[in-house]
Amino acid sequence: MSPIASADRSPATPSRPASALNLIGGNWVEGRGVTSRDIYDPADAAEMLAPVREAAPEQVDEACAAAARAFPGWRATPAPDRAHVLFKFRELLERNFSDVAHGIVRENGKLLSEARGSLRRGLDVVDFACGIPSQMMGQTLSDVSRDVDCLTFREPMGVVVGIPPFNFPALIPLWMMSVAVACGNTFILKPAEKAPLTGTRLVEMFADAGLPPGVVGVVQGSKDVSERLVADPHVQAVSFVGTSAAAESVYRTAAAHGKRVQAHGGAKNHLLVLPDADLERILPDLIGSCFGSAGQRCLAGSVLVAVGDRARQDAVVDAFLRAAGELKLGDGLDDAATLGPVVNPEQEKRIRAAIERGVAEGARLRLDGRSRTASHRPRGCFLGPTIFDDVTPEMFVGREEIFGPVVSVMRAPDLDAAITLTNRSRYGNTACLFTQSGAAARTFRERIQAGMLGVNVGVPAPMGFFPFGGWKDSIYGYHNTQGADAVAFYTRKKVITERWFGAEGPKEGWA
């Protein structure tokens, strides 16, 4: 077990306090940095969940050095033995599933159903990592030339760093740490400063699953801590998820220091609804895509493209407006709630400013969620569904990621115009088409410029054994996340060409 009892570090629940410490070389320690912050429940911005003090620069350096010291031993651990630790980790996650899901709700604001779903998706990645012996296999070919064989091996990178965002405090750390450690690397998590408790708890469980000291670590902090991690000479690879501006900065900094880097950025995901779509059937998918997790996810639908003549466009938009207006704001632990709060007051303020900018630029505000509240949670960070109509790609609300429950409606006469409209975005994370036409779906699939596509699916999140990643300004770096792409990112290949003299058979053949 870790030196400090788990109850001292876990996400807050009604029966347990929380804190976010740093795990450095197997020891849980308080941060000694100059910056402190308090984590509050998004549903009640006056209810403090935990105090967090950032790691001091020397603590960041020591975490990296401890991970580097642990690497040779962990790298030498056979892949089946590493898999056994992953199986134990998975067991701990299942055992603590409800506790972790409730912790996600309390620090992030998701509905409990959303928290459970995201944690289950994280477990899918752990499942994949449990099969690491087969995923690490190389290739061989004998007699590439006479008596010459060629072989490939995968080897771990070394110390790797994961920097996740606040919106999926369990799923994205599990993306990162599970495959990284299974491949034989040592791993340092820098949790999101807005929601650090769940990631810290996950690392605690991973350490308790049987990892030697230093194989996993945690340092708390914000931009300064991230930059110090990225620049540390012990660190060989960096996995980041956040805004496109931050992703580009991480990519450039990591590349300048010779690191391998995958940096996932923002999105402006378009939902194209063709005239032949079954509107009644797809409406829940549209609403779930746009307002699930309060719009705080990189796969959220943020532009609804109504395709067809004006009457059909109006039918889609009117139905969407009615359904959005019926969403009920509330605490994520309230079974009746269908839309939770945004993560904190700063995020709420930023989203409100984006709405005001949309109004100022001339977008038609059809549904204004700024005055909506949750009656039983008056101090919560709540925003109701907000929908702009007649938005153009030049407007701020039409081109930039808002990361909240705000949707922009654009209109197109046909599929060709809708695809052209979508491809004008500088982002290329996801795009979804709703239709009953296979021909339309094929055209969409071939012409759309995005990395993850949905056909009659509102949130095209790949399963944990498929790659995850966008195009254009939605990603910096070559490698995607999840599946074989993640293994490729966290390992590097050696190619061996070998010949053994004396291996030729005698002229008379072998006796």
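**Exercises on strand 8 and a surface patch**

In this predicted model, strand 7, helix 6 (residues 171-182) and strand 8 form a right-handed β-α-β unit, where right-handed means that, with the strands pointing away from the viewer, the path from the first strand over the helix to the second runs clockwise. Helices (H or I, at least four residues) and strands (E, at least two) are DSSP runs numbered from the N terminus. Residues are numbered from 1 along each chain as its sequence is written. Local features need pLDDT of at least 70, side-chain atom pairs count only at pLDDT 80 or more, while totals for chains, interfaces and linings use all residues, and side-chain values use heavy atoms, without hydrogens and water.

**Exercise 1.** Determine how strand 8 is joined to strand 7 and to strand 9.

*Solution.* Begin with strand 7 (residues 159-163), which runs parallel to strand 8 and is joined to it by four bridges; pairing requires that DSSP finds at least two bridges between two strands. Within this pair, valine 159 has threonine 186 as its bridge partner. Next, strand 9 (residues 216-218) is parallel to strand 8 through three bridges, and leucine 189 stands opposite valine 218. The chain passes from strand 8 through helix 7 (residues 197-208) to strand 9 in a right-handed β-α-β crossover.

**Exercise 2.** Establish which way the side chains of strand 8 point, and whether they are buried or exposed.

*Solution.* In strand 8 (residues 186-189), Thr186 and Ile188 point one way, whereas Phe187 and Leu189 point the other way. All are buried, that is, under 20% relative accessible area, against over 50% for exposed and in between for partly exposed (1.4 Å probe, protein chains only).

**Exercise 3.** Locate phenylalanine 465 and explain why it counts as partly exposed.

*Solution.* Phenylalanine 465 lies in the loop between strand 19 (452-455) and strand 20 (471-472). It counts as partly exposed because its relative accessibility is 49%.
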